[in-house]
Amino acid sequence: MIRRNTIPFGPQHPVLPEPIQLHLVMENEKIIQALPAVGYIHRGLEKIAEKKDYIQDVYLAERICGICSFMHSQNYCQGIEELMKVQIPDRAKYLRVIWAETHRIHSHLLILGLLADAFGFENLFMRLWKVREQILNIMEKTTGARVILGVCAIGGVKRDITPELSDYILRELEAVEKQLPELMDSLLKDYSVKQRLIGVGVLPKDKAHELGAVGPVARASGLRMDLRETGYAAYGDLDFKMVVGEAGDCYDRTMVRVKELYTSLDLIRTALKRMPQGPISVAVKGSPPADEVLARIEQPRGELNFYIRGNGTRNLERFRVRTPTFANLPALLHQLTGCELADVPVIAICIDPCISCTER
Amino acid sequence: MLNHVSEITLDQISTEVWKLKQDGHRFVTMTCCDRGETHDILYHFDKNYELKHLRVALPKGTALPSISALFFAALLVENEMKDLMGVQVSGMAIDFQGRFMLAEGAPVAPLNKSIPGIGIQIQDKTPSAPEGTVKS
Amino acid sequence: MVNLINSIFRKLTTPTECLRYPFVKRELPEGTRGRIDIEIDKCTFCGACEKRCPSNALKVTRDPKSWTLNPYSCIICGYCIEVCPKKCIIAHKEHYSPNV
């Protein structure tokens, strides 16, 4: 006998780092429909951005997300710079890449740890976060804060990386890279982990494109889509290579993230090597003109869009944030339809949900 | 400086979006902007890192036809627009009835310019009793 | 199996990562943005920091001369430190203590 039940998954659930509710319509153990219910942490951030000064908004944009905060301020600054036609020094572009990539490493390690926690591998979770701590130390030593770096400003960056700090970063990265293979083997080659991940939450390529999936979710399905290829900031000079998966299941998403860790390590090293000398910021005067811009950047979770519209005063006319998790939610609903209830935590964690960015 | 913006009217939306979908574009997002008499609605599409935009000037009070039948991904952002900007969207695949982002008792369409916003402190010049650590 | 024994031995011989906190305190690196403070003798009470503060945590009055920081609103962004014409606002390394 088929019985239909509705199970509310979340907003408080052991695997979910942030509150989102998924209404799961079940037929026995199978999910036949999933619906999201968000709005638990809507902060009205877009409204406050219109009331504040455009320079104060840099600090506001930085606080949209607590994991990839630097990327948000970088994207905002790039948008405003495009709007006001400011050319920033080359050294600032390289410094932005370095901090953005450290953020990517720490974000990927965080979500891989949470994934390990979601399928019950607590030891791996702790060890991944121990490695992450070293990345956080790099950020703390170079910028003065662990996550909310506060170094990005309109017209450049605020702090410089001295040769001593550069040596320190290279040493730390080497130590991180030495620890990675062992951990990644237990994440990718372990029999029980593979059983848990392979073939779960499959998102075919055409569906991923249609549903507008971004970031590692789209790349794991075989879409070649990484904004770093367009060469914003200094990525054009850094021989960036995109990581693409095939199967589009949870295992491939994990694999894409693991490989991106190594890409990011390489990018930081190349950036430190090729970083030119020179000033790190230019002075910006005036206010954003009455024009609009759609600033885009590749975040650890995917493509981040800021729509910025000025009106000639120091306040912005409109500031809209589209975060990658918002774009990945339809893909999540598609993956959940037809899967087993026991797979829901793994699938939900594998899109790397960041709900407080989603709701702003 | 948005390049490739085409201004369209309300009844052209579905045909234009359908053309872009046939062309292999990916739906990025929609943006709604309060312009006084109208809502400025922008559709953003992407193909090979090239953005294309459609702009519709929607008079306030008019319903916007939903494109969620063509792009399911538009469903969330349309619901969000309905909640935050008060845009009526007709024919959505799933309608959250204005309870997508906001809860009961929340202000109606808070992102419109006419709503002042709650709890936002702007620099006021009226002196008030200082709180916190005073140094003088 | 060999791996297992190896890692057990490694764990037994390496010291723990954690600090024994109340006795050993973590050393904060140079340049940490922590508690915001002011060298009040240098301050001219111009109010530049109050105008720029993104979270309205600062209140400056000329008469009587006072500079007030609300630590509950302060987000330690460091914007006031940049804009101060006399460079008299400083960030300490340590953070706000819970009993301010």
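**Exercise 1.** How many helices and strands does chain B have?

*Solution.* The model is predicted. Counting elements in chain B gives two helices and seven strands. Placed in sequence order, they give the pattern β-α-β-β-β-β-α-β-β. Next comes burial: of the 136 residues in chain B, 36% are buried. Last come the contacts in chain B between residues at least 6 apart in sequence, of which 46% join residues at least 24 apart.

**Exercise 2.** Describe the side of chain B that touches chain A, starting from the number of residues on each side.

*Solution.* Chain B brings 24 residues to the contact and chain A brings 30 residues. On the chain B side, strand β2 (residues 26-35) gives the most, with six residues. Sorting the residues of this side by type gives 19 nonpolar, four polar and one charged.

**Exercise 3.** Check whether the length of helix α3 (residues 69-84) of chain A agrees with the value expected at 1.5 Å a residue, then describe its burial and the residue just after it.

*Solution.* Helix α3 of chain A has 16 residues. The expected span is 1.5 Å times one less than that number, so it should come to 22 Å. The end C-alpha atoms of α3(A) lie 23 Å apart, which agrees. For burial, a residue counts as buried if 20 or more other C-beta atoms lie within 10 Å of its own. By this cut-off 14 of the 16 residues of α3(A) are buried, and the helix is mostly covered. Just after the helix, A:Lys85 has a positive phi of about 55 degrees.

**Exercise 4.** Is chain C a compact globule or more spread out?

*Solution.* Begin with the elements of chain C: three helices and four strands. From the N terminus on, their order is α-β-α-β-β-α-β. For 100 residues the globule rule gives 13 Å, whereas the radius of gyration of chain C is 22 Å, well over that value, so chain C is more spread out than a compact globule. Along the principal axes, the C-alpha atoms of chain C fill a box of roughly 75 × 25 × 20 Å. Of the 100 residues in chain C, 17% are buried. Among contacts in chain C between residues at least 6 apart in sequence, 63% join residues at least 24 apart.

**Exercise 5.** In which sense do strands β2 (residues 58-61) and β3 (residues 66-69) of chain C pair?

*Solution.* The two strands pair in the antiparallel sense, over four bridges. Together β2(C) and β3(C) form a hairpin, with four residues between them. Within the pairing, C:Thr61 stands opposite C:Ser66 in β3(C).

Technical notes. Residues numbered from 1 in each chain as written. Chains lettered and ligands numbered in written order. Predicted model: local features only at pLDDT ≥ 70, side-chain atom pairs only at ≥ 80, totals over all residues. Buried ≥ 20, exposed ≤ 12 C-beta atoms within 10 Å, placed from the backbone. Pairing = 2+ DSSP bridges. Contact = placed C-beta atoms within 7 Å. Nonpolar A, V, L, I, M, F, W, Y, C, P; charged D, E, K, R; others polar. Rg over C-alpha atoms; globule rule 2.2 N^0.38 Å.
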